[in-house]
Amino acid sequence: MRQNKNNKRAAYRRGEKASIFLRKGMIFFAAVILIAVIGLGLKLAANAFTVSNIIVSGNHHLENQDVIKSSGIRRGESLLELSFKDVEKSAKKNFWIKGISMRKEFPDTVSLIIEESTPKALLSLRGETSLVDARGEVLDKISGEGTPFLPVIKDIDPLINKEAIIEALDLVDVLSEKKRLEGKESIEIWLESYGLAMKIDGDMLKVGYGKYTEKFDKWKSLEPEIRKMETAVEYVDLRFDDVIVQPVKKEEAVKPVKKEETAETVKKDAAVQMVKKDVPVKTAKKKAAVKTKKKVKKRS
């Protein structure tokens with residue numbers, strides 16, 4: 001009897017374990033089916049909502065197609081799977097695009113709103129002229145025609161000396177704030193061993209680094225007095241507390257302008273040299289002829 005009871009208990013336990021295993025298996029199987037159904041639904045939805053229209057706004061320099069190409073968005077790709085991070089990363093490789101925002105409009109439209117970079121100066125480097133923005137990034141190479149008036153930064157390579165180009169652009173900002181760009185025909189900025197130097201319509205200024213606002217306030221207060229000076233000014237040094245005004249040296253002021261050496265002038269100079277060399281030869285011939293005549297007269 002006792003043996004039978006034990007056998008029944010063991011069979012009951014085995015049946016209970018099998019039942020638990022079966023329930024767990026059904027739950028797992030149901031979860032797998034649910035996940036598969038959700039995945040399939042998302043896939044079908046992704047295929048249903050694809051990009052057909054791309055609307056661009058905020059662009060002034062770039063064409064719509066330039067913005068779309070830079071964003072990396074392709075017509076026909078899933079609107080649901082479109083990632084803003086990917087779009088932003090791709091778009092910002094174009095230096096004209098300073099910022100971008102994206103809005104999905106179901107079922108098939110993407111709106112891109114961009115903020116373009118603003119040219120801050122012209123960069124003259126290795127015979128080419130380019131537009132640069134406030135970050136020192138080269139935006140575009142330009143030709144001579146239709147070039148806007150902007151200060152020219154000369155011979156500073158932003159890839160080699162980023163700090164110097166940023167300093168030069170800070171200087172441009174101060175010139176703009178002080179309204180020193182208005183009515184000017186030429187502003188050039190370049191790098192010397194002591195820092196930045198510049199020419200404003202021919203006036204040479206030694207600027208150095210930093211405190212640009214303070215330096216130009218001093219320049220602004222002294223400029224009327226300097227204009228009244230009768231002597232020509234070689235440069236104004238703004239690097240120190242006391243502004244230095246360097247007059248043009250007298251010998252330099254009266255120094256004749258050296259004739260520019262060209263192929264034509266070289267040819268003319270050579271011709272003059274030949275004429276000068278010929279003079280003593282002719283004179284010697286004449287003297288010889290006179291001596292000969294004298295000898296003939298004596299014999300006769």
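1. In which sense do strand 7 (residues 152–154) and strand 8 (residues 187–192) pair, and over how many bridges? The model is predicted. In it, these two strands run parallel, with 2 bridges between them. Val152 sits opposite Glu188 of strand 8.

2. The sheet around this pair is open. It has 9 strands in the order 6-5-4-7-8-9-10-11-12, and the pairing is mixed. Strand 6 and strand 12 (244–247) are the edges, each paired on one side only. On average, neighbouring strands are turned by 25° against each other, direction ignored.

3. Two helices deserve a look. Helix 4 (residues 162–177) packs on the sheet and touches strand 4, strand 5, strand 7, strand 8, strand 9 (195–200) and strand 10. Its direction makes about 40° with that of strand 9. Helix 5 lies across strand 9, strand 10, strand 11 and strand 12. Helix 5 runs at about 150° to strand 10.

4. Next, the largest pocket. Its space is about 260 Å³. The lining has 14 residues; Leu123, Leu125, Val138, Pro158 and Leu159 are the closest to the centre. Strand 4 (121–125), strand 5 (128–132) and strand 6 (138–142) each give at least two lining residues. By class, the lining has 6 nonpolar, 2 polar and 6 charged residues.

5. The second largest pocket holds about 170 Å³. Of its 13 lining residues, Asp203, Ile226, Arg227, Ala232 and Val233 are the closest to the centre. Strand 10 (203–208), helix 5 (212–228) and strand 11 (233–237) each contribute at least two. Strand 11 has the largest share, 4 residues. This lining divides into 8 nonpolar, 2 polar and 3 charged residues.

Notes
Residues are numbered from 1 along each chain as its sequence is written. This is a predicted model: local features need pLDDT of at least 70, side-chain atom pairs count only at pLDDT 80 or more; totals for chains, interfaces and linings use all residues. Side-chain values use heavy atoms; hydrogens and water are left out. On a 1 Å grid over the protein atoms alone, a cavity is a set of points where a 1.4 Å probe fits but cannot get out, and a pocket is an open set with protein on both sides within 12 Å along at least five of seven lines; lining residues have an atom within 4 Å of a point. Grid points are joined across faces, edges and corners, and a volume is the space filled by probe spheres set on the points. Ala, Val, Leu, Ile, Met, Phe, Trp, Tyr, Cys and Pro count as nonpolar, Asp, Glu, Lys and Arg as charged, and the others, Gly among them, as polar. Two strands pair if DSSP finds at least two bridges between them. Axes are lines fitted to C-alpha atoms, for helices over the stretch in contact, and angles run from 0 to 180 degrees between N-to-C directions. Contact means heavy atoms within 4.5 Å.
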